[in-house]
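Colleague: I should like to study one part of a protein closely, with each term explained as it arises. May I show you the model first?

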Amino acid sequence: ASGPVCYHTGDARDYAAHGFAETVKVTLDAASAEKQLAALAKDFFGSFTGEAGQRVRPDPGDRGGAYRSVFGLPGGMASPLYKVFERGNAFRMLLKPGAGKNDGAGDPAENTVYVYDTNERPFYVAEEYHQFHCDFSMSSGMPYPESYWNNLFEQMKTSGRVKPTGCPEGVVPHPGALCSSPARIFPMFGRRSSRT
C-alpha cells in the first residue's frame, strides 16, 4: 500500500481490500529470539480452541479474509526461525505460505495459519483507537487490566510509539466498552489485535 491502511473505511484505504489481516507486531531480542519465539508460538497456538486438527479462532464473531489467522516472520517459511514456530504447533494446525488477498475466507474454524514474509508484506500500525483495547469478546482474562489499556497506552502515546496514522480515529471509543460500563464485571472470552 502506498498510503494509509485503515480499518473498514470502505474506500481505497480499507485494509481488507488490500488483503491485510489483523495482527500484532512483536520484536524479538536477537540473543533470545528462538526462546522468545517458542514461548510466543506456544501462546499463539494455545489461544485457539477445539481438538487438535480442528482448532477454532478465539474470536468467532469476526469473519472474512481480514480476520484469517496469520503469522509473519522475516523470510516467511524460509526464515531460520520458522522451524521454532512450526515446533510450537502442538495442535496440528495447517501452516500455509501467505500470498495475500485471496488467502482463506477467515472462517473461525479454518484450522489454518497463513505464514507471511514480513520483508514482502510489512506491518502497518493500526489507528490509535484500535490500540490497547481492554476487551474484545467473551474470553477468559477479559477485560485486560487498566495498567495495559490505560497506563501503557498513555506511555506509548507519550513516547511517540502510538501516533496518528492518517486514518479516521474514534470509530470505536478507546479503550472499549467493558472498561467503562457495568458489563466489566462479567468474564469475557477472546482477543483483539491490530492488523498487518
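How many helices and how many strands are there in the protein? Please then describe the sheet and the parts around it.

Modeller: The protein has 3 helices and 3 strands, where helices (H or I, at least four residues) and strands (E, at least two) are DSSP runs, numbered from the N terminus. This is a predicted model, in which local features need pLDDT of at least 70 and side-chain atom pairs count only at pLDDT 80 or more, while totals for chains, interfaces and linings use all residues. Residues are numbered from 1 along each chain as its sequence is written, and side-chain values use heavy atoms, with hydrogens and water left out.

Read from the N terminus, the elements follow the order α-β-α-β-β-α. The 3 strands form an open sheet in the order 1-3-2, with parallel pairing; two strands count as paired if DSSP finds at least two bridges between them. Strand 1 (70-73) and strand 2 (94-97) each have a single partner strand and stand at the edges, so one side of each has no neighbour in the sheet. On average, neighbouring strands here are turned by 30° against each other, direction ignored.

Strand 2 runs parallel to strand 3 (residues 112-117), and 4 bridges join the two. Within this pair, Leu94 stands opposite Thr112 of strand 3.

Helix 1 (residues 33-46) lies across strand 1, strand 2 and strand 3, where contact means heavy atoms within 4.5 Å. Helix 1 runs at about 170° to strand 1; axes are lines fitted to C-alpha atoms, for helices over the stretch in contact, and angles run from 0 to 180 degrees between N-to-C directions.

Two loops beside the strands deserve attention. Most residues other than glycine have a negative phi. Arg92, in the loop between helix 2 (82-87) and strand 2, nevertheless has a positive phi of about 55°. Asn111, in the loop between strand 2 and strand 3, likewise has a positive phi, near 60°. Arg92 is exposed, with a relative accessible area of 56%, whereas Asn111 counts as buried at 9%. Buried means under 20% relative accessible area, exposed over 50%, and partly exposed in between (1.4 Å probe, protein chains only).

As for the protein as a whole, 40% of its 196 residues count as buried.
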